[in-house]
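Me: I would like a close look at a single part of the structure shown here. Please treat that part in one connected account.

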Amino acid sequence: MDSQPTSKALHYRINNNISQLLQRFENIMATATVESTSHTTTAVETYQLDVESTALIRAAEDILSLTRVMKETWLFGKLDTLGEDESETRRREELERDAAVIQKAIEDGGVLKTTKK
């Protein structure tokens with residue numbers, strides 16, 4: 001049984017993924033700008049670039065996974081992305097009352113009475 005992610009957990013995961021992407025990209029750029037002619041240094045830099053690019057890809061894949069989880073949660077009604085403030089709640093309640101009054105009037109026949117001549 002899948003547990004639904006909380007808003008706090010989603011925010012933490014988003015922030016963590018963003019910081020990972022930025023950090024990995026900065027590390028790649030820092031490694032790529034080092035100028036050295038030593039074979040040992042070049043081999044170490046190549047390994048560092050491989051590690052950082054793999055971590056960058058992993059962070060990007062996690063963001064894709066996160067968006068999928070958020071879409072599924074939103075589609076199945078467990079993620080409240082809009083939220084209602086007090087004015088929206090009042091407006092919705094007024095609309096529901098108006099709709100009930102109109103429905104009652106239609107059912108009672110007071111609105112759509114046809115006149116026979």
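In which helix does L75 lie? Please describe that helix, with its salt bridges and its surface.

Reply: In this predicted model, L75 belongs to helix α2, which covers residues 39-75. L75 has a relative accessibility of 62% and is therefore classed as exposed, the cut-off being over 50%. Together with W74 and F76, L75 makes up a nonpolar patch on the surface. The accessible area of these three residues together is about 430 Å².

Helix α2 also takes part in salt bridges, of which the structure holds five. One of them joins R68 and E72, with N and O 2.9 Å apart. R68 and E72 are four residues apart in helix α2, so about one helical turn separates them. In general, an α-helix has 3.6 residues a turn, so residues three or four places apart point the same way. The two partners differ in accessibility class: R68 is exposed, with a relative accessible area of 56%, whereas E72, at 34%, is partly exposed.

A further salt bridge pairs E52 with R24, and their closest N and O atoms are 3.1 Å apart. This pair links distant parts of the chain, since E52 lies in helix α2 and R24 in helix α1 (residues 7-32), 28 residues apart. E52 has a relative accessibility of 13% and so counts as buried, the limit being under 20%. R24, at 22% relative accessibility, counts as partly exposed.

Conventions:
Residues are numbered from 1 along each chain as its sequence is written. This is a predicted model: local features need pLDDT of at least 70, side-chain atom pairs count only at pLDDT 80 or more; totals for chains, interfaces and linings use all residues. Side-chain values use heavy atoms; hydrogens and water are left out. Patches are made of residues with over 30% relative accessible area and no salt bridge: like charges are joined within 9 Å, nonpolar side chains (Val, Leu, Ile, Met, Phe, Trp, Tyr) within 5 Å. Accessible areas come from the Shrake-Rupley method with a 1.4 Å probe; for residues, only the protein chains shown count as cover. A salt bridge is a side-chain nitrogen of Lys or Arg within 4 Å of a carboxyl oxygen of Asp or Glu. Helices (H or I, at least four residues) and strands (E, at least two) are DSSP runs, numbered from the N terminus. Buried means under 20% relative accessible area, exposed over 50%, partly exposed in between (1.4 Å probe, protein chains only).
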